[in-house]
Amino acid sequence: MRVAIIGQGYVGLTIAAGAAGDGHTVVGFDVNVGLVAQLNAGRSHIEGVGDSDLAGFIAAGTYLAASDPSVLDGCEVIVIAVPTPLDADRNPDLSYVHAASDLISQHVKSPALIVNESTSYPGTLRKEIAARITGVDHLFASSPERVDPGNNQWGTKNTPRLIGGLTPAAVAKAKEFYGSFCDSIIEVSSPEVAEAAKIFENTFRQVNIALVNEFAQIADALGISGREVLDAAATKPYGFMPFNPGPGVGGHCIPVDPSYLAHVANEVGVPATFIKRANEVNLAMPAYVVTRVVAGSGGSIRGKKVVVVGVSYKSNVADTRETPAAAVIDLLREQGATVSWHDDLVGTWRGESSSPIAGADIAVVVTKHDGVDLAAVKGCGYVFDCTSSITGVDGI
Ligand SMILES: NC(=O)c1ccc[n+]([C@@H]2O[C@H](COP(=O)([O-])OP(=O)(O)OC[C@H]3O[C@@H](n4cnc5c(N)ncnc54)[C@H](O)[C@@H]3O)[C@@H](O)[C@H]2O)c1
């Protein structure tokens, strides 16, 4: 099939690679002209899609990036994979989804299957996408993306894919497309069910992470090891699922998607109380971390050299969106410390560059990438580990 993917970020490029790898002819459309040039030069910007894969698809003629919307017309399948962030008031910002829909409406004159993979609240496909694309008899389906960047066990191929369509013909076409490169397709009765399933999955994670973050604080105040308690609880073979405490939640999904659910819940008059409380607990974790670092350093970090190790939101990825490291660094600076950070994957961020670990008085490990120099970390005078995975040091 001739396929267009609108948005060539983490999700769009991953799907583009999956479809191109299966022999579809894929156009990766993005408004970022620099990114388009980089992709056409065979340079991937995400983990999970290698430069050699990309160059191979380009050489085989199964992938091309483009920023000219005229490439969209004539495609059998058009996938929307654009950002769905929160606005300044933490309400859904659907402006990217609207812009992508308007592009389709203006430029696509031959009927196509239009699939939304961007995460949003139930009703988005029907009311915010299909309703804006007029004049052509397109098919519409929702297939929310579940990719977990950096996860080597579960990827596009083996993660079951949900599909809900506005019509049976849309479902059939979406099943044909995704069935060509995904092992398992699960049809649900409407796009709203697929959309709600995705945001409930991420709300489940957000709420459970908040619960374990609160528990870690309770355990510490009780003078027992939260880590040991969680490991002990996890020996129960049923009815318990382990989550790890940490410095907060980051990335484009867990801190954001639940607020989309809270938004629609509010509109239908059912307050999403768990989501509100989970946001409060998770957003307060950087302050808790800094309180513990100050306490563990003799009551003051004024004038001390602190290195924050790992600033992306999770291990082995370079993504710094919504990372709790930002608040940890800002709060450490408010305490009068001289703060640098070390992250080989991130390199530069917020106008600063990665610094060496050695020579700091205090190391605060926010995210632990494979290969980080733990000897250098342990060489610092005081170490606080937010990942509860470094033995013999203080931490959450
Ligand atoms: N990153 C993840 O792990 C993940 C996982 C599952 C679902 N999602 C969801 O997938 C969606 C995309 O997320 P992402 O992480 O890929 O975002 P991203 O920021 O990595 O990429 C989005 C891309 O879309 C482009 N773009 C923006 N507006 C455009 C437009 N009008 N036309 C064409 N291109 C446009 C941007 O330039 C960017 O390259 C979001 O809804 C997100 O919640 C993300």
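Colleague: Where is the place of Asn-116?
Modeller: Helices (H or I, at least four residues) and strands (E, at least two) are DSSP runs, numbered from the N terminus. Asn-116 falls in the run of residues 113–116. That run is strand S5.

Colleague: What pLDDT do local features need?
Modeller: Residues are numbered from 1 along each chain as its sequence is written, and side-chain values use heavy atoms, with hydrogens and water left out. This is a predicted model: totals for chains, interfaces and linings use all residues, side-chain atom pairs count only at pLDDT 80 or more, and local features need pLDDT of at least 70.

Colleague: Is Asn-116 buried or exposed?
Modeller: Buried means under 20% relative accessible area, exposed over 50%, and partly exposed in between (1.4 Å probe, protein chains only). Asn-116 has 2% relative accessibility, so Asn-116 counts as buried.

Colleague: Which backbone nitrogen does the side chain of Asn-116 reach?
Modeller: A polar contact is a pair of N or O atoms within 3.5 Å; within protein, one must be able to donate a hydrogen and the other to accept it, and residues adjacent in sequence count only if both atoms are side-chain atoms. Contact in general means heavy atoms within 4.5 Å. Asn-116 touches residues including Ile-80, Thr-124, Ala-141 and Pro-144, not counting residues up to four places away in sequence. At 3.0 Å, its side chain reaches the backbone nitrogen of Ser-118.

Colleague: How many residues surround the ligand?
Modeller: A residue is near a molecule if one of its heavy atoms lies within 4 Å of it. The closest are Tyr-10, Val-11, Asp-30, Thr-84 and Thr-119. The count around the ligand is 28.

Colleague: Of the shell residues, how many are nonpolar?
Modeller: Ala, Val, Leu, Ile, Met, Phe, Trp, Tyr, Cys and Pro count as nonpolar, Asp, Glu, Lys and Arg as charged, and the others, Gly among them, as polar. Four shell residues are charged and eight are polar. The nonpolar ones number 16.

Colleague: Which helix gives the most to the shell around the ligand?
Modeller: Helix H1 (10–21) and helix H4 (95–107) each supply at least two shell residues. The most, four residues, comes from H4.

Colleague: How much of the ligand's accessible area does the protein cover?
Modeller: Ligand oxygen atoms meet polar backbone atoms at 3.1 Å for Tyr-10, at 3.4 Å for Val-82 and at 2.9 Å for Thr-119. On its own, the ligand has 830 Å² of accessible area, and the protein covers 90%. Such areas come from the Shrake-Rupley method with a 1.4 Å probe; for residues, only the protein chains shown count as cover. The covered share of the ligand is 90%.

Colleague: Why is the pair of Tyr-178 and Phe-181 classed as it is?
Modeller: The structure holds six aromatic pairs. Rings of Phe, Tyr and Trp (its six-membered ring) pair if their centres lie within 6.5 Å; planes under 30 degrees apart count as stacked, over 60 as edge-to-face and the rest as tilted. Tyr-178 and Phe-181 have ring centres 5.8 Å apart and planes at 50°, so the pair is tilted.

Colleague: What is the angle between the ring planes of Phe-204 and Phe-243?
Modeller: This aromatic pair is edge-to-face, at 5.8 Å centre to centre and 65° between the planes. The pair links distant parts of the chain, 39 residues apart: Phe-204 in helix H7 (residues 191–222) and Phe-243 in the loop between helix H8 (226–233) and H9. Phe-204 is partly exposed at 36%, while Phe-243 is buried at 11%. The plane angle is 65°.

Colleague: In which helix is the place of Ser-259?
Modeller: Ser-259 is buried, with a relative accessible area of 7%. Among the residues it touches are Leu-86 and Asn-279. Its helix, residues 257–267, is H9.

Colleague: What relative accessible area does Arg-292 have?
Modeller: Arg-292 sits in helix H11 (residues 285–296). It touches residues including Asp-220, Tyr-382 and Asp-394. Arg-292 is buried, with a relative accessible area of 13%.

Colleague: What phi does Ser-388 have?
Modeller: Ser-388 lies in the loop between strand S14 (382–385) and strand S15 (394–395). Its relative accessible area is 19%, so Ser-388 is buried. Ser-388 is not a glycine, yet its phi is positive, at about 40°.
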